Amino acid sequence: MSDFQPPRVIVCTGVNCKAAGCGQRIYRRLEALLAEADPLRPPFLLRTANCLDMCGDGPNMVIYPGNRRYNHLDEDAAEAIVRAAAAPEVGRL
Ligand code: FES
C-alpha cells in the first residue's frame, strides 16, 4: 500500500486571473484530468480560490505541501505541473 498523500492544487479563478487568461479554463482542464482517476485514490485534490494574492502574475496556481506557486499559466503548463506533482499516481492515467 502506498503512503502517497495527494497534493492539494489551488487554482485561482478570481477576476484578475480571469482577465489574464482565465483560471477557470485551467480548473476545467485539471478537473478533466482528475475525472480519469480512481475516485477512491485521487492523485491530487483540486480546489479554487477567489484570489491567491498574486494578481499581477496570473493565471496563478499553488500546490501544497510546499506552498509552490506557479504564475502566468495556461492549461498545458498547469497540467504538466500537476502531473509532475502528483506522480506516480497521475502517471497511471
Ligand atoms: S485574482 Fe488570481 S491571484 Fe488575485
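What percentage of the 93 residues in the chain is made up of buried residues? Buried residues make up 28% of them, and this tour through a predicted model begins with the whole chain before turning to its sheet, its core and its loops.

**The whole chain**

Show the full backbone as a cartoon and colour it by secondary structure, and you should be able to pick out three helices and four strands. If you then follow the chain along its sequence, these elements come in the pattern β-α-α-β-β-β-α. The radius of gyration of the chain is 13 Å, close to the 12 Å that the globule rule gives for 93 residues, and the chain is therefore as compact as a globular protein of that length. When you rotate the view, keep in mind that the C-alpha trace spans about 40 × 25 × 20 Å along its principal axes. Among the contacts with a separation of 6 or more, 66% are between residues 24 or more positions apart.

**The sheet**

Next, select the four strands and hide the rest for a moment, so that you can look at the sheet by itself. This is an open sheet with the strand order β2-β1-β3-β4, and the pairing within it is mixed. At its edges lie β2, residues 45–49, and β4, residues 68–70, each of which pairs on one side only. If you look across the strands, neighbouring ones are turned against each other by 20° on average, with direction ignored.

Now zoom in on β1 and β3, which run antiparallel and are joined by four bridges. To find one place where a residue has a bridge partner, select R8 together with Y64 in β3, since these two are bridge partners.

Bring helix α2 back into view beside the strands. This helix packs on the sheet, where it touches β1, β2 and β3, and its direction makes about 150° with that of β1.

**The nonpolar core**

With the sheet and helix α2 still displayed, turn to the largest nonpolar core, which has 18 residues. Select V9, V11, I26, L30, M61, A78 and V82 and show their side chains, for these are the members that touch the most other members of the core. Two or more core residues come from each of β1 (8–12), α2 (23–35), β3 (61–64) and α3 (75–86). Which of these elements gives the largest share of the core? The answer is α2, which contributes five residues.

Centre the view on M61 and look at what surrounds this residue. Once its neighbours within four places in sequence are left aside, M61 is in contact with V9, I10, V11, C12, I26, Y70, L73 and A78.

**Two exposed positions on helix α2**

Stay with the helix, but move from the core to residues that are exposed. A32 is part of helix α2, and it counts as exposed because it has 11 C-beta neighbours inside 10 Å, where 12 or fewer is the cut-off for that class. If you draw a distance from the C-alpha atom of A32 to that of N71, which is 39 residues apart from it along the chain, you should find a separation of 21 Å.

A35 is also placed in helix α2, and with 9 C-beta neighbours inside 10 Å this residue counts as exposed too. The C-alpha atoms of A35 and P65, which are 30 residues apart along the chain, are separated by 22 Å.

**The loops**

Finish in the loops, starting with the one between β2 and β3, where P59 lies. Select G58 together with P59 and examine the bond between them, which is a cis peptide bond with omega of about -5°. The loop between β2 and β3 also holds D53, whose phi is near 65°, a positive value in a residue other than glycine. D53 counts as exposed, because it has 10 C-beta neighbours inside 10 Å.

Then move along to the loop between β3 and β4, which is the place of P65. A cis peptide bond joins Y64 and P65, with omega of about 0°; Y64 is the residue you selected earlier as the bridge partner of R8. N67 lies in the loop between β3 and β4, and its phi is near 50°, which is a positive value in a residue other than glycine. Is N67 buried or exposed? N67 is exposed, because 7 other C-beta atoms lie within 10 Å.

Methods:
Residues are numbered from 1 along each chain as its sequence is written. This is a predicted model: local features need pLDDT of at least 70, side-chain atom pairs count only at pLDDT 80 or more; totals for chains, interfaces and linings use all residues. A nonpolar core is a set of buried Ala, Val, Leu, Ile, Met, Phe, Trp, Tyr and Cys residues joined through C-beta atoms within 7 Å. A residue is buried if 20 or more other C-beta atoms lie within 10 Å of its own, exposed if 12 or fewer, and partly exposed in between; C-beta atoms are placed from the backbone. Two residues are in contact if their C-beta atoms, placed from the backbone, lie within 7 Å. Two strands pair if DSSP finds at least two bridges between them. Axes are lines fitted to C-alpha atoms, for helices over the stretch in contact, and angles run from 0 to 180 degrees between N-to-C directions. The radius of gyration is taken over C-alpha atoms; the globule rule is 2.2 Å times the number of residues to the power 0.38.
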